Protein chains: 2
Amino acid sequence: MPEITIKDIARQCGVGVSTVSRAINNHPDINPETKTMIMQVINESGFVPNNSARNLKRTDAKCIAVLVKGITNPFFSNMIKIIEEEIRKKKYTMVLQHVEYYEDEVNVALQLEKEKRLRGVIFLGGIFAHSKEKLGNLHIPYIFTTIGSAAPKSISKTSYSNIAVDDRKESYRMTEYLIGLGHRDIAILTAESEFRSIGQLRLEGYREALKDKKIPVKENLIRSAIEDIEHYSMENGYLTTKRLLEEKIPFTAIYATSDSLAVGACRALKEAGLKIPEDVSVAGFDGIDLGKYYNPSITTMKQPMEDMAYTTIRLLFDIISGKKAHEHIVFEAELIERESTAYIAKGTAH
Amino acid sequence: MPEITIKDIARQCGVGVSTVSRAINNHPDINPETKTMIMQVINESGFVPNNSARNLKRTDAKCIAVLVKGITNPFFSNMIKIIEEEIRKKKYTMVLQHVEYYEDEVNVALQLEKEKRLRGVIFLGGIFAHSKEKLGNLHIPYIFTTIGSAAPKSISKTSYSNIAVDDRKESYRMTEYLIGLGHRDIAILTAESEFRSIGQLRLEGYREALKDKKIPVKENLIRSAIEDIEHYSMENGYLTTKRLLEEKIPFTAIYATSDSLAVGACRALKEAGLKIPEDVSVAGFDGIDLGKYYNPSITTMKQPMEDMAYTTIRLLFDIISGKKAHEHIVFEAELIERESTAYIAKGTAH
DNA sequence: TTGTACGCGTTATCAT
DNA sequence: ATGATAACGCGTACAA
């Protein structure tokens, strides 16, 4: 198949390649007539400039990469939309890449930096477990958003930005809230066992809250998600809760560390003939849309996704333009009480 | 910042660039010792080959592009996972791109074909409304999956593959099912007004079924999704249903043309004090996980996503290797009866 | 087994 | 306003 290039167009138009290039790239120094003529020929021929060659040569790519850890997380969808829109407004382009759980997002960023002449990188999700050396090779500004905020101390805080809620604290608050409703046997559905992962931070918050309230932590109420299936999924919440019920360990509330897990938990409870919140209270985390529309609607700790998204992209642009230095911003989450939680009914324990 | 290139590595190692290239690309003609030496230097230096330059030179990219229309559709997530896995198994790489609703996915494919030396393209979602000329410029095999199956006649069926359910027929079946339950006033929640879109095909099936059963179509029971928000979203189902209720048009069933819409509808009904399915039956379409975990679980027309995904990627590889010609496969959907639908209660109409 | 030199398609520089 | 030409970083004949 004969790949059609800028040279072919130039020949067909009887002009030099530079003129064609000028036409394509909206350069000022070109006769409008020549330009329309060239554009016409291009449209007819179906010529598409080779992006690899462009990126190879170009100095000003005006491109920002967004790397998302995991693909099925609905939590990020809205954030990405906002970020994309802002990037478009600035006449930049965005390259969105999903990174598998086992892939190293920094490697991907390193690649993209060279390939696309990136101006900045946004990491969405994942764990901050990157070596200083590797990050040192990333010569452009990068921001971690929605990532367990505790980064290794060896990495200078001035070399990157971080935007997240305080997962430990907010998890503490949610646990405290459930305790306040009279619950003492609170099962927690958690995912991710990696050190400093969001899952672990939330678990720590739970432990601390119980400890502070002098409620003994029952290890058999701490349930890790099943490994082989998507961690933060409804299915995982469902299966984990089912197992919990089968083991007949008494509890009066379930604190799921994500709303998807909470949904699955609700279903399992319902199938077991338990009423929410009369028999069992269920709380989630994140504040995705679904929680609002679920039945019962689900009490959750809502992360200010829109705010976080806007802040992320604006901060990145400010850093790129030299207006700001790196920042580490902690957002407050909002406890939204909905139908799925209530005061404990006396004498019940399932 | 001094971009480090293959030349720097070569100089540092005291070898020629080709030797470094051979080391990077696992070529056979290289002394193992030289290779390890070079790789060591590379690792220390943090050198990352420039992908643009590579793609520019390379002839055998072994890369397949997956273009997804719209980003927040959970329906595609599972399909993408399967496709990605199969691609990995074949030692190919996958490039996943989300295409906005207003963007032209064929343009994106055209770009990528040149940029990444693609071997094939998979289009997920969207509408088949592409000009013959443009598609003619795509010199590699491409498959449309989950796209309204009625393509313009001007395009030869031998030039592309298509994998989908028969949206009109399956929509007909769903409507028929609801009619079979005794419903006559069936509101339909639909999205997309574009000709030949999935939304329109499903609407056509609805109309036909009513017509065949001699039930007059009430135009005010046909509700289009609100334009400015995500079409197939829970929010849209919720708001649309709310409006429907406010208008006090009597109906005993809602057929939502996607499960997300159905979820929103359920919530709106519940808030209005209506019971599902006692007062109103609700049916969805697609068969996403959520329908199973929702409360009530939602009757749906399940598309065989896994099958469709496997078939798509296998067919593509067969076409690439010359084993097969293009195919047009229609899958059967499966009507899954769940808790949200039931026989009509006599004398009720809301 | 290794090194030299050319070219991939484009943009930028410098003439004209 | 336009054209010739030198890079961009890499892979690969081809020569050594």
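Helices (H or I, at least four residues) and strands (E, at least two) here are DSSP runs, numbered from the N terminus. Everything below comes from a predicted model, where local features need pLDDT of at least 70, side-chain atom pairs count only at pLDDT 80 or more, and totals for chains, interfaces and linings use all residues. Residues are numbered from 1 along each chain as its sequence is written, while chains are lettered from A and ligands numbered from 1 in the order in which they are written.

**View 1. Helix 11 of chain B and the turn after it.**
Helix 11 of chain B covers residues 259-271. Its 13 residues reach 19 Å from the first C-alpha to the last, close to the 18 Å expected at 1.5 Å a residue (the expected span is 1.5 Å times one less than the number of residues). This helix is mostly covered, with 11 of its 13 residues buried; buried takes 20 or more other C-beta atoms within 10 Å of the residue's own, exposed takes 12 or fewer, partly exposed is in between, and C-beta atoms are placed from the backbone. Among the buried ones are B:Asp259, B:Cys266 and B:Arg267. Just past the helix, B:Gly273 takes a positive phi of about 85 degrees.

**View 2. Two cis prolines in chain B.**
Follow chain B into the loop between helix 11 and strand 9 (281-283) and you meet B:Pro277. The peptide bond leading to B:Pro277 from B:Ile276 is cis, with omega near 5 degrees. Another cis bond joins B:Asn295 and B:Pro296, this time with omega about 0 degrees. B:Pro296 sits in the loop between helix 12 and strand 10 (300-302) of chain B.

**View 3. Where chain B meets chain A.**
Here 35 residues of chain B are in contact with 36 residues of chain A, contact being C-beta atoms, placed from the backbone, within 7 Å. Elements giving two or more residues to chain B's side include helix 4, helix 5 (74-89), strand 2 (93-99) and helix 11. By class, that side has 16 nonpolar, 13 polar and 6 charged residues. For the classes, Ala, Val, Leu, Ile, Met, Phe, Trp, Tyr, Cys and Pro count as nonpolar, Asp, Glu, Lys and Arg as charged, and the others, Gly among them, as polar.

**View 4. The axis between the two copies.**
Rotate chain B by 180 degrees, shift it 0.1 Å along the axis, and it superposes on chain A with an RMSD of 0.2 Å; the fit is by least squares on C-alpha atoms of residues with pLDDT of at least 70 in both copies. That is the relation of a two-fold axis. In chain B, B:Ser52 has the C-alpha nearest the axis, 2.2 Å from it. Both copies use the same surface: 100% of chain B's contact residues recur in chain A.

**View 5. The protein surface around the DNA.**
DNA strand C is surrounded by 28 residues, with A:Ile6, A:Ala53, B:Val15, B:Gly16 and B:Asn31 the closest; a residue is near a strand if its C-beta atom, placed from the backbone, lies within 6 Å of it. Elements giving this surface two or more residues include helix 1 (6-13) of chain A and helix 2 (17-24) of chain B. The strand C surface has 10 nonpolar, 11 polar and 7 charged residues. Around DNA strand D there are 26 residues, and A:Gly16, A:Ser18, A:Asn31, B:Thr5 and B:Ile6 come nearest. For strand D the split is 10 nonpolar, 10 polar and 6 charged.

**View 6. Helix 13 of chain A and its packing.**
The end C-alpha atoms of helix 13 (residues 305-320) of chain A are 22 Å apart, which agrees with the 22 Å that its 16 residues should span at 1.5 Å a residue. Buried residues of this helix include A:Met305, A:Leu316 and A:Phe317. The buried residues of helix 13 pack against several elements of chain A, among them strand 1 (63-69), strand 3 (118-124) and strand 11 (328-331). After the helix comes A:Gly322, with a positive phi near 80 degrees.

**View 7. Two non-glycines with positive phi.**
A:Lys214 isn't a glycine, yet has a positive phi of about 60 degrees. A:Lys214 is in the loop between helix 9 (198-212) and strand 7 (222-224) of chain A, and counts as exposed because 6 other C-beta atoms lie within 10 Å. B:Asn26 is also not a glycine and has a positive phi of about 55 degrees. With 8 C-beta neighbours inside 10 Å, B:Asn26 is exposed.

Technical notes
Two residues are in contact if their C-beta atoms, placed from the backbone, lie within 7 Å.
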